[in-house]
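Work through the following exercises with the sequence and the three-dimensional view side by side. Try each task before reading the solution beneath it.

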Amino acid sequence: MSSINLKEVLGDRLRHARHTLAMTQKEWCEASGMKLPSLRDYELCNRTPGGEALSLYARAGINLNWLLTGEGPVQINDLPKDDGRVYVDFSDFTMRQNEADNGSADTHSPMASLALSRQWLDARGLRDGSLIFVRAPDASMSPTVRPGWLVVVDVSVDKIRGDGIYCLRVDGDPSIKRLQLDFSGGAWVRNDNQAYKDQHVDSLDKLPLIGKAILTCGELQD
């Protein structure tokens, strides 16, 4: 699907999603924190929402897989339990850290889900329950991973095993970086965007690993 068609289709789905929540545009903006001009632009197909905007719909219970593809139910609560797919939960690390500080963290409550084919996962040796998806927070990995893109992360990877793109935790938030190991037992933390400086760490233990990035959903941009 081209980006122009996606923009047009998303406008219709965003309006429908808001209607299923029985909210006016003003009520949705007051509840979600989205600016009214932005909402109007999205629903009129003047702009395509990025990851930050999509996370607001996810928090309201809208199924992002339906929003992006038109497949499945509109609301997360109506997702079928077993249809040959694996539903990957969205993780808001900032919110979870705040909840943990208050003693009320629930790391198993999904805010949104993406559906992946079980056959696709099995072919890659990936396990149910080991995947989450996060939103790329900045442009440091552009053009490979642009800000706002959704990144599926395998959290069963608890050690850095070879070069690759990993998800790290920086100040409580996810950060997508390319890691290149060296012979001294350390690693270079690389950025595909040359405007950002690479960094070197002398020990892999100093890297707060969340997991390894295995898939990006890069259609949507601000």
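**Exercise 1: a loop residue and its contacts**

Asn193 is found in the loop between strand S7 (187–190) and strand S8 (199–201), where helices (H or I, at least four residues) and strands (E, at least two) are DSSP runs numbered from the N terminus. This is a predicted model, in which local features need pLDDT of at least 70 and side-chain atom pairs count only at pLDDT 80 or more, while totals for chains, interfaces and linings use all residues. Residues are numbered from 1 along each chain as its sequence is written, and side-chain values use heavy atoms, with hydrogens and water left out.

Task: find which residues Asn193 touches, not counting residues up to four places away in sequence.

Solution. Begin with the rule that contact means heavy atoms within 4.5 Å. Applying this rule to Asn193 gives Ala139, Ser140, Met141 and Ser142. Next, look at the side chain of Asn193, which reaches the backbone oxygen of Ala139 at 2.9 Å.

**Exercise 2: backbone angles**

Task: locate the cis peptide bond that involves Pro143, and then examine phi of Ala22 and of Cys45.

Solution. Start from the general expectation that most residues other than glycine have a negative phi, and most peptide bonds are trans. The cis bond joins Ser142 and Pro143, with omega about 5°, and Pro143 lies in the loop between strand S3 (131–135) and S4. Turning to phi, Ala22 has a positive value near 55°, and its place is in the loop between helix H1 (3–20) and helix H2 (25–32). Cys45 also has a positive phi, near 65°, and Cys45 sits in the loop between helix H3 (36–43) and H4.

Task: decide whether Ala22 is buried or exposed, and do likewise for Cys45.

Solution. Recall that buried means under 20% relative accessible area, exposed over 50%, and partly exposed in between (1.4 Å probe, protein chains only). Ala22 has a relative accessible area of 65%, so it is exposed. Cys45, at 22% relative accessibility, counts as partly exposed.

**Exercise 3: strands that pair**

Task: describe how strand S9 (residues 209–217) pairs with strand S4 (residues 150–154), and how S9 pairs with strand S5 (residues 164–170).

Solution. Two strands pair if DSSP finds at least two bridges between them. S4 and S9 pair in the antiparallel sense over five bridges, and the bridge partner of Val151 in S9 is Thr216. S5 and S9 pair in the antiparallel sense over three bridges, with Cys167 opposite Gly211 in S9.

**Exercise 4: from one residue to the cores**

Task: characterise Ile165, a residue of strand S5.

Solution. With a relative accessible area of 18%, Ile165 is buried. The C-alpha atoms of Ile165 and Ala213 are separated by 5.7 Å, although these residues are 48 residues apart along the chain. Leaving aside neighbours within four places in sequence, the contacts of Ile165 include Met141, Ile176, Lys212 and Ala213.

Task: identify the residues that touch the most other members of the largest nonpolar core.

Solution. A nonpolar core is a set of buried Ala, Val, Leu, Ile, Met, Phe, Trp, Tyr and Cys residues joined through side-chain atoms within 4.5 Å. In the largest, of 31 residues, those touching the most other members are Trp28, Met34, Tyr57, Ile62, Leu64, Leu67 and Phe133. Helix H4 (residues 51–59) gives the most to this core, with five residues. Apart from it lies another core, of 13 residues, among them Ile165, Cys167, Ile210 and Ala213.

Terms used:
Polar contact = N/O pair within 3.5 Å; in protein donor to acceptor, adjacent residues only side chain to side chain.
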